[in-house]
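Reader: I'm new to this structure and would love a close look at one part of it. Could you take me to the largest cavity and then show me how the helices around there pack?

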Amino acid sequence: MPSIVKTPTTPTPRWEDLPLASAPDPVQLDNIKAQLDLILLALEALAGIGSDAILQAAAQLNLESMVADRVALWRLRQSNPMRKSSGGRKKLDVEEARSLVLIICHLAGQQQELIRRAVALLEQLAEQNREPHEASLLGDYLDAFSNTYQERMEEEENVSSDALSHLALKLLIDLLFYSSPNGHRRLWLALLDRAR
């Protein structure tokens, strides 16, 4: 006999969950683009997430109209003003930014266990006054983040390895918050706050 007990489901996050009091100006949108690209870079470096996983998440969230294929995704990510290549760069609009927020948090939720493990290791090493590189998970993440950052970002954005490690670890901790059920709202509000 089939069970009549309904399994609770997590509602799919939607744009309506991401309030906007006033439209961001072009400078604010540039900051939002850069931050979204960096968060995706952190996810790539930690979990090896690539274009396929991002496109799959877009499909699962019914956001194919915003991120239809690899070219559309590439153009969205190239909208980060810190990127080296200017070819094909497009302006990111608010709806596309909202879509990327939903996709990032969906992917972070899928990788929550890995993110939690990495943050727990980071806390453990900090308590022992040891360097994050001493744990292979964190060392691999930091190396992958730094290499990809230097590969993709403009030369004037070159920063010291210490600063890159600091940025990578901050993004890792941020990802823990964004992987929670309300992570998309947290990320959206953080983006708007940073863009002010």
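Author: Happy to! The largest cavity holds about 50 Å³ of space. Please keep in mind that this is a predicted model. When the whole structure is searched, one cavity of 30 Å³ or more turns up.

Let's look at its walls. The residues that line the largest cavity are Lys-33, Leu-36, Asp-37, Leu-40, Leu-76, Arg-77, Ser-79, Leu-92 and Leu-100. Two elements give two or more residues to this lining: helix H1 (26–47) and helix H3 (70–78). H1 gives the most, with four residues. Sorted by class, the lining has five nonpolar, one polar and three charged residues.

From here you can follow each of these two helices to a neighbour. Start with H1, which packs with H7. Their axes come within 10 Å and cross at roughly 90 degrees. An angle from 65 to 115 degrees counts as roughly perpendicular, and H1 and H7 are therefore roughly perpendicular to each other. On the H1 side, the residues in contact are Gln-35, Leu-38, Ile-39, Ala-42, Leu-43 and Leu-46. They meet Leu-167, Leu-171, Leu-172, Leu-175 and Tyr-178 of H7. This contact is made up of 10 nonpolar residues and one polar residue, with no charged ones.

Now go back to the cavity and take H3, whose partner is helix H2 (residues 51–60). These two helices pack at an angle of about 100 degrees, and their axes are 10 Å apart. That angle makes H2 roughly perpendicular to H3. Here Ser-51, Asp-52, Ile-54 and Leu-55 from H2 meet Arg-70, Leu-73 and Arg-77 from H3. By class, the contact of H2 with H3 has three nonpolar, one polar and three charged residues. Arg-77 is worth a second look in your viewer: this residue lines the largest cavity and also takes part in the contact of H3 with H2.

One more step takes you further along the H1 route. H7 (residues 161–178) also packs with helix H5 (residues 112–127), at an angle of about 130 degrees and with the axes 9 Å apart. That makes H5 oblique to H7. The crossing of H5 past H7 is left-handed. From H5 come Ile-115, Arg-116, Ala-118, Val-119 and Leu-122, and from H7 come Leu-169, Leu-172, Ile-173, Leu-175 and Leu-176. These residues divide into nine nonpolar, no polar and one charged. Leu-172 and Leu-175 of H7 appear in the contact with H5, and Leu-172 and Leu-175 are in the contact with H1 too.

So if you'd like a path to trace on screen, begin at the cavity lining, with H1 and H3, then visit H7 from H1, H2 from H3, and finally H5 from H7.

Definitions and conventions:
Residues are numbered from 1 along each chain as its sequence is written. This is a predicted model: local features need pLDDT of at least 70, side-chain atom pairs count only at pLDDT 80 or more; totals for chains, interfaces and linings use all residues. Side-chain values use heavy atoms; hydrogens and water are left out. Axes are lines fitted to C-alpha atoms, for helices over the stretch in contact, and angles run from 0 to 180 degrees between N-to-C directions. Angles under 35 degrees count as roughly parallel, over 145 as roughly antiparallel, 65 to 115 as roughly perpendicular and the rest as oblique. A crossing is left-handed if the near helix is turned anticlockwise from the far one by less than a right angle, and right-handed if clockwise. Contact means heavy atoms within 4.5 Å. Ala, Val, Leu, Ile, Met, Phe, Trp, Tyr, Cys and Pro count as nonpolar, Asp, Glu, Lys and Arg as charged, and the others, Gly among them, as polar. On a 1 Å grid over the protein atoms alone, a cavity is a set of points where a 1.4 Å probe fits but cannot get out, and a pocket is an open set with protein on both sides within 12 Å along at least five of seven lines; lining residues have an atom within 4 Å of a point. Grid points are joined across faces, edges and corners, and a volume is the space filled by probe spheres set on the points.
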